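This report walks a new reader through one protein chain, moving from a single segment to the cores and then to the sheets. Please keep the sequence and the structure in view while reading.

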Amino acid sequence: MNFRKLAFLLVAIGLSAAPAGAIDLTSVLPGLSSDSQPSSAGDAEIFKPSDSDQAINAERLASITKRLNGLAGTPLDEVAASNGVTADDVKDRISLLNNLKLSYERIAATAKNIPGAEAQLQALKSVPEENALPKEKPPFDIATYERALDESDDLAVSQELKEADLRNAKLALSYAQSSQQAAESSYRSAKSTPAAASNAWKMENLALTAEAARADVLLRQLLIKQLTAESQSLAIQINSANKKTSWIESNLKFTEEDYRDILKSLDANAASLQNKLQEAEREAPTAAAPQSDSQDPTIKELADSLSSQKKSFTMNRIERLHAALARLAACRQMWDQRYKLFNGGVQQENMPVIIDSLGKNRNSIESAQASQQKLMLAVQKRLSSLNDQTAGKQGGEAQELKKQMIALTNAELADLDADAASIASLLRLTSRTLQEYKARYNVVPVTEKVAGMWKVKTAEILNTELWTSGDYTVHLKSLLGALVILLLGVFGSHRATRFVMKWVRRRAKIDETTAATISRFVLYLLFFICFLIALKLVSIPLTAFAFLGGAFAIAIGFGAQTLFTNVISGIMLAVNRPFRLGDTLEIDDVLGEVKEIGTRSTRLKTPDGRDVVVPNSKLLDSRLINWNLTDYLNRRTITIGLSYDSDPNKAIEVMNQVVRTNPQVLPYPEPAIYFSAFGDSSLNFTIYYWVNLRVASGLKVDSDVRLALFKALSESGLAIPFPRVDVSLLGGALPQQTSPVENGRPNS
């Protein structure tokens, strides 16, 4: 690498410190010494700037300045000739000295700033913490709180920028130290060569380059020292500002009056934007500029471009105004959330959802801000290009069109600036609201947070949409609420039905069947009323179940046809009443007493104690025998046979007396006894009598009557014969008498 490339490389990375104390300038600039003789290479040494004594650096700066002033009055060719170099080499030397001078000047300025920065840091450290609190007495209004937040935000931005400068300075220091090592290594390598003594100019340039690198390192070190003190001062100021803000917030009184004033201000801004929007919409149809009549293609192209730009500008302005109105609405929402937060209007369990929403809103606004900045850069580039095209040009139609385009671009840039301010305002407000919610939520105990999370999750599950009917959506919460109310209603309906039936029985004599029918009707009516009340209380309209009509129709057509047939049959049985509770029914081969009449089926109890459930449709469609349809009288029949030697009249008299003396046998209709037939072995009699099944069992009465008949007939000498067969033998002898028992079996 030749000297020129090395020198300019070092200058490019920051040869801006003003080192002090290098080689003697009479040797640096041969031909300018008092004797105008070139110096030897051995005279060139690397000057080391002082980091503690700025007087040395000042002396070095003065020396360099003096030599540059002297060089300015000497022709370049003379200096070049006296040193055996070219005029370009002299120019490079002058450039190197100028950069070295600038570095020393910056070192001096930075060194001068450090004491002030350190003094400010010490002063801030010595200030008591209580001095950071405001002198005004609480409570504080929202305006005071906002000013404190603005102060904290400004300090935070300054601290962020200062930290960025400090990081850059440390990075530049590492580069400068690497450059210093490279420059000093080059100088030492060149000095150790035999040609060093004969090339004084090169050696002096290498010494100046190394000095410049040392000056740059010193400058970076001083800058880091200054920036560190300033950053620490800002940290103390931020800490004080945050304490002040926290104190104001803890004693803040966000009144409804202040809240309304803020909303009025937002409404005024919205009204102004609305007026601008209406004006822009009125101008939109005529936004395009008239076409140029010029035949010049360039002018025609410019006119078309201007017309298109006006259209685009008007449409973009309308869109930006709409967006600005939306941002004002978002600001109104932010203020509403802050007002609720500061006045205890936000439930703890809702905070995580709000914080998540605010975080997403902030990210969205930051994305919009980044897009806005890119758009502004593009418009600024377009404006710069237009300015370059019109700079120094004479007037004319083309230039006039370009000036109009510049004016339109400036107006667009102004709109973008207003948009940027609006976005920044919303971003600041959203960030503050988010920080305030986070601060409030962070102090909530963990147990309450967990309970709140469960509550929110439960609420999310309960708010699950089950189905939608028209413009109405049924949620799980509404359905569960309706079911709970319905269950309570069912329980209450049963109790209410029992109460109603007790009241009815006390005031009217009704049979059990009528009572059961009334009870069932009242119960179902109460069920239906409870159903309607449940839907009403949870705000579910009947139309929400409209979609179920098709499902019900399909269910009836396929699986529930029998069910509904039995239900309808039960209703018809309740209306027609072909039997009652306690009636004895005979249907097909089933005989039993009616124990329960249900909506779908009827339960019978047979004489042997079995329960038989008969579908109502079968009772309605089949041949049904009701032994007690009109009354509970039941005619009983007993058949008895007496021997042929019995007196029939006496037998009828005895049997009549037995039947009539039984208290369960009804005197009316009167019992009847008939000599019904001549049997093979007996005279057969048939006894008819009636029993009231409501007070007696027919089977029991039959048994009692038979017992009484057997006793009375036996006492009267009337025998009940066994079946007998007379056998006559014709034309043969009697069989031989045999033992009555043969082979263990009786002979007949």
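What share of residues 479-497 is helix, what share is strand, and how many Å apart are the end C-alpha atoms? In this model, which is predicted, the stretch 479-497 is 100% helix and 0% strand, and its end C-alpha atoms lie 26 Å apart. The unreviewed UniProt entry lists residues 479-497 under "transmembrane region", together with 518-538 and 544-575.

**The chain as a whole**

The protein chain has 748 residues, of which 37% count as buried, and its secondary structure comes to 19 helices and 12 strands. Among the contacts with a sequence separation of 6 or more, 76% are between residues that stand 24 or more positions apart.

**The nonpolar cores**

The largest nonpolar core holds 40 residues, and the members that touch the most other members are I142, Y145, F254, L266, W335 and Y437. At least two residues of this core come from each of the helices α6 (142-191), α8 (256-283), α9 (297-342), α10 (351-390) and α11 (397-442), with α9 giving the largest share, 11 residues. The core also draws at least three residues from each of domain 1 (46-251) and domain 2 (279-460). A second core, separate from this one, is made of 22 residues, and M655, V658, I673 and V701 are among them.

Which residues does Y145 contact once its neighbours within four places in sequence are left aside? The contacts of Y145 are then T245, I248, E249, L252, R338, F342 and E436.

Another residue to look at is A143, which is found in helix α6. Is A143 buried or exposed? With a relative accessible area of 35%, A143 falls in between and is partly exposed, because that class covers the range from 20% to 50%. A143 and D258 are separated by 115 residues in sequence, while their C-alpha atoms are 8.6 Å apart in space.

**The five-stranded sheet**

An open sheet of five strands, with antiparallel pairing, follows the order β6-β5-β4-β3-β7. Its edge strands are β6 (611-615) and β7 (624-626), each of which pairs on one side only. On average, and with direction ignored, neighbouring strands of this sheet are turned by 40° against each other. Within the sheet, E586 has L591 of β4 as its bridge partner.

**The three-stranded sheet and its helices**

A further open sheet has three strands in the order β8-β10-β9, again with antiparallel pairing. Why is one side of β8 and of β9 left without a neighbour in the sheet? Both β8 (633-642) and β9 (672-678) stand at the edges and have a single partner strand each, so one side of each has no neighbour there. The twist from one strand to the next averages 25°.

The table sets out strand pairs from the two sheets, each of them antiparallel.

| Strand pair | Bridges |
|---|---|
| β3 (584-587) and β4 (590-597) | four bridges |
| β9 and β10 (683-692) | six bridges |
| β8 and β10 | 10 bridges |

Single residues help to follow these pairings in the three-stranded sheet: I638 has I687 of β10 as its bridge partner, A672 is partnered by Y688 of β10, and F678 stands opposite L683 in β10. The connection from β9 to β10 is a hairpin that passes through four residues.

Two helices accompany this sheet. Helix α18 (residues 648-661) lies across β8, β9 and β10 and runs at about 20° to β10. Helix α19 (residues 698-715) packs on the sheet and touches β8 and β10, its direction making about 30° with that of β8.

**Cis peptide bonds**

Two peptide bonds remain to be pointed out, and each can be placed by the loop that holds its proline. P138 and P139 are joined by a cis peptide bond with omega of about 5°, and P139 lies in the loop between α5 (87-126) and α6. The peptide bond from Y668 to P669 is also cis, with omega near -5°, and P669 has its place in the loop between α18 and β9.

Technical notes. Residues numbered from 1 in each chain as written. Predicted model: local features only at pLDDT ≥ 70, side-chain atom pairs only at ≥ 80, totals over all residues. Heavy atoms only, no water. Core = buried A, V, L, I, M, F, W, Y, C linked by side-chain atoms within 4.5 Å. Buried < 20%, exposed > 50% of the residue type's maximum accessible area, 1.4 Å probe, protein only. Domains from an automatic or database assignment. Contact = heavy atoms within 4.5 Å. UniProt positions renumbered as here; feature names shortened; annotations may be inferred. Pairing = 2+ DSSP bridges. Axes fitted to C-alpha atoms, helices over the stretch in contact; angles between N-to-C directions.
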